[in-house]
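The following exercises are intended for a reader who meets this structure for the first time. Each task is followed by a solution in steps.

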Amino acid sequence: MAGWLDSPIFNLLEGGLDGLGLRQRVLADNIANNDTPDFKRSDVSFDKILQATMDSMNNTAAVSGTEPGHIRITGTGLTSDGFVVKDENTTYRNDGNNVDIDLEMTRLAENTLQYNSLSRMLTMHLSMLKQAIQE
């Protein structure tokens, strides 16, 4: 990010949304594999995401291009590398699966509420920045 979007608040909100988006994909995978034998549920380590977000706030994103006119920004965004933790220690059923569908649906609803809250906070932050620029 550059300029007025490169603020600690914006970066934290963006990192939070990236983390919650990743968690949404992981929870959806758990739900989709509810009936898969030997499937082990996964979740997202928010401690690692928070640390990565804080680290990225201290480092600027590298800008590079493969050809003239093509610009690629690296060092931003969030992949699942190191953030997804698989629960190998529990088994709820005889087939080795450890997905509790009711618990996963509850986690998914909670994640959706958190994502919506952070989205509103980001919208309010951008609205304040827009208002400050216009004045």
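**Exercise 1.** Determine whether Leu12 is buried, partly exposed or exposed.

*Solution.* The model is a predicted one. Step one: the relative accessible area of Leu12 is 39%. Step two: buried means under 20% and exposed means over 50%, with partly exposed in between. Leu12 is therefore partly exposed, given its value of 39%. Step three: as to its place in the fold, Leu12 belongs to helix H1, which covers residues 8-32. Step four: together with Leu50 and Met54, Leu12 makes a nonpolar surface patch of about 260 Å².

**Exercise 2.** Establish whether Asn98 is buried or exposed, and describe its surroundings.

*Solution.* Step one: Asn98 is located in the loop between strand E4 (84-86) and helix H3 (101-134). Step two: Asn98 has a relative accessible area of 0%, and because buried means under 20%, this residue is buried. Step three: leaving aside residues up to four places away in sequence, Asn98 touches Phe39, Lys40, Arg41, Asp87, Thr90, Thr91 and Tyr92. Step four: a polar atom of the Asn98 side chain lies 2.8 Å from the backbone oxygen of Asp87.

**Exercise 3.** State which secondary structure elements the protein has and in what order they run.

*Solution.* Step one: the protein has three helices and four strands. Step two: read from the N terminus, their order is α-β-α-β-β-β-α. Step three: as for contacts between residues at least 6 apart in sequence, 74% join residues at least 24 apart. Step four: 27% of the 135 residues count as buried.

Notes: Residues are numbered from 1 along each chain as its sequence is written. This is a predicted model: local features need pLDDT of at least 70, side-chain atom pairs count only at pLDDT 80 or more; totals for chains, interfaces and linings use all residues. Side-chain values use heavy atoms; hydrogens and water are left out. Patches are made of residues with over 30% relative accessible area and no salt bridge: like charges are joined within 9 Å, nonpolar side chains (Val, Leu, Ile, Met, Phe, Trp, Tyr) within 5 Å. Accessible areas come from the Shrake-Rupley method with a 1.4 Å probe; for residues, only the protein chains shown count as cover. A salt bridge is a side-chain nitrogen of Lys or Arg within 4 Å of a carboxyl oxygen of Asp or Glu. Helices (H or I, at least four residues) and strands (E, at least two) are DSSP runs, numbered from the N terminus. Buried means under 20% relative accessible area, exposed over 50%, partly exposed in between (1.4 Å probe, protein chains only). Contact means heavy atoms within 4.5 Å. A polar contact is a pair of N or O atoms within 3.5 Å; within protein, one must be able to donate a hydrogen and the other to accept it, and residues adjacent in sequence count only if both atoms are side-chain atoms.
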